[in-house]
Amino acid sequence: MDQHLGEYIGIEADWSLDGGHPHQIEVVSPHTEQPIARVAASLPADVDAAVAAARAAVDRGPWPRLPPDERIAALRRLADLYSQRREQMAQLISAEIGAPISFAKRAQVGLPTMMMSAFCDVAEAYPWQEARPGFFGADVRIRREPVGVVAAIVPWNMPQFLIMTKLVPALLAGCAVVLKPAPESPLDALLLAEMIEQIGLPDGVVTVVPGDAAVGAHLASHRGVDKVSFTGSSSAGRAVATACAANLTRVSLELGGKSAAIVLGDADPETVAAGVRSASLSNSGQICNALTRIVVPAAREEEFVDALAARMSALKVGDPADPATELGPLVSRRQQQRVRDYIELGRREGARLVIGGTDLPTGVDTGWYVQPTLFAAADNSMRIARDEIFGPVLTVIPYEDERDAIAIANDSDYGLAGSVWTADTDRGIRIAEQVRTGTFGVNQGYTMDPFAPFGGVKDSGYGRELGREGLDGYVETKSIAVAG
């Protein structure tokens, strides 16, 4: 690990699962392309040990048997400690995945901080037990009990946010969690593990197993796991669902997206461009619910294209450690090449390249950067309009009328998010009701509210995170009938 970084975040350079480990993950800076850290890489045996410890914590330990208010108090202690180390966590995430430090502070760490408190509020009002009159005369008591051992498998793009959507409700429900972070971003998960250790949770309640896809596959297919919560690509989600089906393991999947922003003819181009810039290009476009298909009225296409191009051209691209940077590098060389390949594909498909391209941004000599890229005059059948690119690439698609716009938005394998932009809010709500997605925004990109459920349909997965529904996913409902 870079010495300064190691001292700053306060974790050891070589983090071992059991005091010594021969296999390591090398974490490389997306900005400098140089190694910044090494951590122990889990093996299947490490996963087996973690699941066994979690199984013991669930079957025999105190955590699931505590009153809910005691678990809530423990998570509030974690939230307090987390808040004290927000700056450290933001610096760490910026270093390992290349997120601009301003975005890391605001979203990568700010959202998880709010989410912990919000989930505790949800848990305080949650109906852990209730009584109902039975149809046959007996009283029925309903108990909501922990689902058991949870495998939480998260990607690298929003690592702490995605960890918290799984870890916090699972712990509040009384579950034990085996957490597998992505190999690109293990450091933030290990710093979180340090905080969890400090608040004194019982043994086996949380274990972090950094590792590659094979480690994730072993964890997802483990017979000692009661529920898998997975966030990642749709192709990987299918493999996880198949593995869970073999064991009848409960599973929730938050997968990819290719969300559409429907722009109505009464919308203001500058307002739309500002909103889309925030909803589509934050984190260098590496966000599952990014608005990447901009569906605009054909008669006003050039106005909206010009406004978008001006906003995108003005973005400051560069060193993620610079507070002024708005667009950092992509997470890896492989991701950079993938996005460049899609830009070339868009050209071959006949879309008009307005700004951007495959060259490094001006003033950038190293790092896995891609220019903010805008295509216009595209057709929804093009692959740049259908595939999740996961980079700073937007595609403008013209439409003829409102029905056509809704049809374009719905003509996608994905259904995670979307938006409509209009001066008529009621009209916007009517359109929102007709687009088949799990989440939608009117005059905004969908904002993940910790009190509202988040998730998708179609190839974007199933199950919901956040809100009361996020807690529902980690409990089993038991009915007890009591004769009078």
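**Exercise 1. Take stock of the fold and its compactness.**

Solution. Start with the secondary structure: the protein holds 16 helices and 21 strands. Next, compare size with length. The radius of gyration is 23 Å, close to the 23 Å that the globule rule gives for 484 residues, so the protein is as compact as a globular protein of that length. Keep in mind that this is a predicted model. Then take the extents: the C-alpha trace spans about 70 × 65 × 40 Å along its principal axes.

**Exercise 2. State what share of the protein is buried and what its exposed surface is made of.**

Solution. Begin inside: 58% of the 484 residues count as buried, the cut-off being under 20% relative accessible area. Move to the outside: about 19,100 Å² is exposed, and carbon and sulfur atoms supply 50% of it. Finish with charge. Positive side chains number 44 and negative ones 61. The centres of these two sets are 5 Å apart.

**Exercise 3. Find the share of long-range contacts.**

Solution. Consider the contacts with a separation of 6 or more. Of these, 72% join residues 24 or more positions apart.

**Exercise 4. Place glutamate 469 in the structure. Is it buried, partly exposed or exposed?**

Solution. Locate the residue first: glutamate 469 lies in helix 16, which covers residues 467-472. Now read its accessibility. The relative accessible area is 36%, so glutamate 469 is partly exposed. Next, list its contacts. Setting aside neighbours within four places in sequence, glutamate 469 touches Pro453 and Arg464. Last, check alanine 452: it is 17 residues from glutamate 469 in sequence, and their C-alpha atoms are 8.0 Å apart.

Technical notes:
Residues numbered from 1 in each chain as written. Predicted model: local features only at pLDDT ≥ 70, side-chain atom pairs only at ≥ 80, totals over all residues. Heavy atoms only, no water. Helix = DSSP H or I, 4+ residues; strand = E, 2+ residues; numbered from the N terminus. Buried < 20%, exposed > 50% of the residue type's maximum accessible area, 1.4 Å probe, protein only. Contact = heavy atoms within 4.5 Å. Rg over C-alpha atoms; globule rule 2.2 N^0.38 Å. Areas by Shrake-Rupley, 256 points an atom, 1.4 Å probe, with all protein chains shown as cover. Lys, Arg positive; Asp, Glu negative; His and termini not counted. Charge placed at Lys NZ, Arg CZ, Asp CG, Glu CD.
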